[in-house]
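Me: Please take a close look at one part of this structure, the aromatic rings and the charged side chains that sit over them, and then set that part in the context of the core around it. I would like one connected account rather than a list.

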Amino acid sequence: QLVESGGGLVQAGGSLRLSCAASGRTLSRYAMGWFRQAPGKEREFVATISFGGGSTTYADSVKGRFTISRDNAKNMVYLQMNSLKPEDTAVYYCAAGGATWIDAKRYNYWGQGTQVTVSS
């Protein structure tokens with residue numbers, strides 16, 4: 001089971017740090033991804049990180065503002081979000097999969113999501 005936390009309401013330009021905790025599953029066995037879904041839109045890729053954390057990939061829309069990281073000893077994955085914009089408003093999901101895919105369909109396990117709202 002994956003559980004996201006850290007979402008909330010923030011003003012444009014602000015920061016949030018999302019966390020993804022795993023229970024009953026060893027995250028070091030998985031590549032991890034963050035995705036988001038805004039109302040009326042499809043779920044979109046945000047960032048992904050390799051098993052050991054040595055490789056990361058970001059969507060162009062968040063590159064330079066968001067940072068994905070992981071602490072396998074704590075069984076945690078994080079998404080640091082800086083310089084937030086109103087268009088970042090969405091439900092954010094973490095996911096576990098076999099490789100650093102950008103296609104959501106390739107991920108096997110998902111959390112329930114955490115809401116991020118950025119006000120202008």
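Reply: In this predicted model, the charged end of Arg43 sits over the ring of Trp110, at 4.7 Å from the ring centre. Trp110 is itself a member of one aromatic cluster, in which Phe35, Phe45, Tyr93 and Tyr107 also take part, and this cluster is a convenient place to begin.

Within the cluster, Phe35 and Phe45 make an aromatic pair with edge-to-face geometry, their centres being 5.8 Å apart and their planes at 70 degrees to each other. Phe35 belongs to strand E4 and Phe45 to strand E5, and although the two residues are 10 apart, the pair is one that links distant parts of the chain. Phe35 counts as buried, because its relative accessibility is 0%; Phe45 has a relative accessible area of 13% and is therefore buried as well, the limit being under 20%.

A search of the whole structure finds 6 aromatic pairs. One of them is formed by Tyr30 and Tyr109, again edge-to-face, with 5.7 Å from centre to centre and 85 degrees between the planes. Here too the pair links distant parts of the chain, since Tyr30 lies in the loop between E3 and E4 while Tyr109 lies in strand E10 (residues 107-110), 79 residues apart. The two partners fall into separate classes of accessibility: Tyr30, at 16%, counts as buried, whereas Tyr109, with a relative accessible area of 31%, is partly exposed.

A charge over a ring is also found at Arg17, whose charged end sits over Tyr78, 3.9 Å from the centre of that ring. Arg17 and Tyr78 bring us to strands that also matter for the description of the core and the disulfide.

The largest nonpolar core holds 33 residues, and those touching the most other members are Met32, Trp34, Leu79, Met81 and Tyr92. Two or more residues of this core come from each of E3, strand E4 (31-37), strand E5 (44-49), E7, E8, E9 and strand E11 (114-119). E9 gives the most, with 5 residues.

As for the covalent link, the structure holds 1 disulfide, which joins Cys20 to Cys94 with an S to S distance of 2.0 Å. The pair connects distant parts of the chain, with Cys20 in strand E3 (residues 16-22) and Cys94 in strand E9 (residues 90-97), 74 residues apart. The torsion about the S-S bond is about 55 degrees, so this disulfide is right-handed. Both Cys20 and Cys94 are buried.

Two backbone details complete the picture, and both fall in loops that border strand E8. Asn75, in the loop between strand E7 (66-71) and strand E8 (76-81), has a positive phi of about 60 degrees although it is not a glycine, and Asn75 counts as buried because its relative accessibility is 16%. Ser83, in the loop between E8 and E9, likewise has a positive phi without being a glycine, in this case about 50 degrees, but Ser83 is partly exposed, with a relative accessible area of 41%.

Key. Residues numbered from 1 in each chain as written. Predicted model: local features only at pLDDT ≥ 70, side-chain atom pairs only at ≥ 80, totals over all residues. Heavy atoms only, no water. Disulfide = S-S within 2.5 Å. Helix = DSSP H or I, 4+ residues; strand = E, 2+ residues; numbered from the N terminus. Buried < 20%, exposed > 50% of the residue type's maximum accessible area, 1.4 Å probe, protein only. Core = buried A, V, L, I, M, F, W, Y, C linked by side-chain atoms within 4.5 Å. Phe/Tyr/Trp six-rings, centres within 6.5 Å; stacked < 30°, edge-to-face > 60°. Lys NZ or Arg CZ within 6 Å of the ring centre and 35° of its normal.
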